[in-house]
Amino acid sequence: MIALAAALALQGAPDATAIPADLPEPPIVCAGEHIQGAMLVCRTVPGAEVSLGDITVTASETGHVVLGHDRDAPPETTLSVRLDPQMRYEETVSVTQREYEIQRIEGVPPEYVTPPPETLERIRREGAQKAQAYTSRWGGQGFLSDFVMPAEGVITGVYGSQRFYNGEPRRPHYGLDVAAETGTDVIAPAPGVVTLAEPDMYFEGGLIFIDHGQGFTSGFLHLSGVSVEAGDIVEQGDVIGEIGAGGRATGAHLDWRIKWHDRYIDPALVLQVDPEAVR
């Protein structure tokens, strides 16, 4: 929750005509909670610069922004809004800390735990391709939708867990795993633009990225089928691909990830956000 001990720093007289009459004090209101890995959907003054920690974004023409806390966000951070060069609001927010699971996965093909030298050029090339796709900042506002699950199945992996593949430690798992039969439909959980659609990436197999606005991007990994192309605009519920077991996977499942700038967001928490109050 937002700490009420806010530090308000207003310098100079505000231009009352620039602030929507129905905007409450403080001059930003958010849906969502301050938890490690959480999404926040906020409304403030159109064009205001909003910072959460060290990331600053610009509110849309309707005054909306999407924000997010990293998996390892510190217990306290700063939420600030710069309304104009003379007026800035700032508050300290408490971020609920989480404990993450340890997950040990055996039976992973060795070439996906320690890739052989001949694959490194491909891995670097695909890494650059993904990094480029993550620079998208779509002007639409799919993040204002109530996100839905992109596939039906059994949850077999959660966000944040520290993973060991064949006994070797690797990066935390940033996705929500949904196990289902190969060929099960995967749908868009919210509107957006497709920024990457590849049928066979080394680690991910079939891979799709969708920017839901302002760079708030879903990734769909290990697909056996890809039904969209980069540049496509999708609506919530549109079929975009099929579940598979491509790349570093030991069985058919969807790994749904969300990234906002350089922070990975927990899809399970995104599903809990109701942005109705700030639309």
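## A tour of the fold, starting at R170

R170 sits in the loop that links strand 11 to strand 12 (175-179). Helices (H or I, at least four residues) and strands (E, at least two) are DSSP runs, counted from the N terminus. Please keep in mind that this is a predicted model, in which local features need pLDDT of at least 70 and side-chain atom pairs count only at pLDDT 80 or more, while totals for chains, interfaces and linings use all residues. Residues are numbered from 1 along each chain as its sequence is written, and side-chain values use heavy atoms, with hydrogens and water left out.

How confident is the predictor? The pLDDT (its confidence in each residue, from 0 to 100) averages 90 over the protein, and 91% of the residues score at least 70. Residues 1-18 are a stretch to read with care: pLDDT stays under 50 there. For these residues the model has 28 contacts beyond four places in sequence, where contact means heavy atoms within 4.5 Å.

**Around R170.** With a relative accessible area of 26%, R170 is partly exposed; that label lies between buried (under 20% relative accessible area) and exposed (over 50%), using a 1.4 Å probe and protein chains only. Leaving aside residues up to four places away in sequence, R170 touches V113, T114, Q162, R163 and Y165. Its polar partners include the backbone oxygen of V113 and the side chain of E168. Y159 is eleven residues from R170 in sequence, and their C-alpha atoms are 14 Å apart in space.

**The sheet beside this loop.** Strands 8, 10 and 11 form an open sheet of three strands in the order 8-10-11, with mixed pairing. Its edges are strand 8 (102-105) and strand 11 (168-169), each of which pairs on one side only. Two strands count as paired if DSSP finds at least two bridges between them. Strand 8 and strand 10 (residues 162-165) run parallel, joined by four bridges, and R104 stands opposite F164 of strand 10.

**Strands 3, 4 and 6.** Strand 3 (residues 49-52) and strand 4 run antiparallel and share four bridges. E49 has T58 as its bridge partner in strand 4, while S51 faces T56 there. Two residues lie between the strands of this hairpin, and G53 takes a positive phi near 65°. Strand 3 also pairs with strand 6 (residues 76-84), again antiparallel and over four bridges; here L52 stands opposite L79.

Which residues of strand 4 (residues 55-58) are on its covered face? I55 and V57 are, whereas T56 and T58 make up the uncovered face. In a regular strand the side chains alternate between the two faces of the sheet.

S51, in strand 3, counts as buried at 12% relative accessibility. Beyond residues up to four places away in sequence, S51 touches T56, T78, L79 and S80.

**H34.** Is H34 buried or exposed? H34 is buried, with a relative accessible area of 2%. This histidine is placed in the loop between strand 1 (29-31) and strand 2 (39-43), and its side chain makes a polar contact with that of H69.

The table gathers polar contacts from these regions. A polar contact is a pair of N or O atoms within 3.5 Å; within protein, one must be able to donate a hydrogen and the other to accept it, and residues adjacent in sequence count only if both atoms are side-chain atoms.

| First partner | Second partner | Distance |
|---|---|---|
| S51 side chain | T56 side chain | 2.5 Å |
| H34 side chain | H69 side chain | 2.7 Å |
| R170 side chain | V113 backbone oxygen | 2.9 Å |
| R170 side chain | E168 side chain | 3.0 Å |

**Helix 2.** At 1.5 Å a residue, the 14 residues of helix 2 (residues 120-133) should span 20 Å, and its end C-alpha atoms are indeed 20 Å apart; the expected span is 1.5 Å times one less than the number of residues. I123, E126, K130 and A133 are buried in this helix. Seen down the axis of helix 2, its buried residues fall within an arc of 80°, so they line one face of the helix; the arc is that of the directions from the helix axis to the C-beta atoms. E121, R124 and Q132 are exposed on the other side of helix 2. What covers the buried residues of helix 2? The cover includes strand 14 (192-201) and strand 15 (205-211).

Key. pLDDT = per-residue confidence, 0-100.
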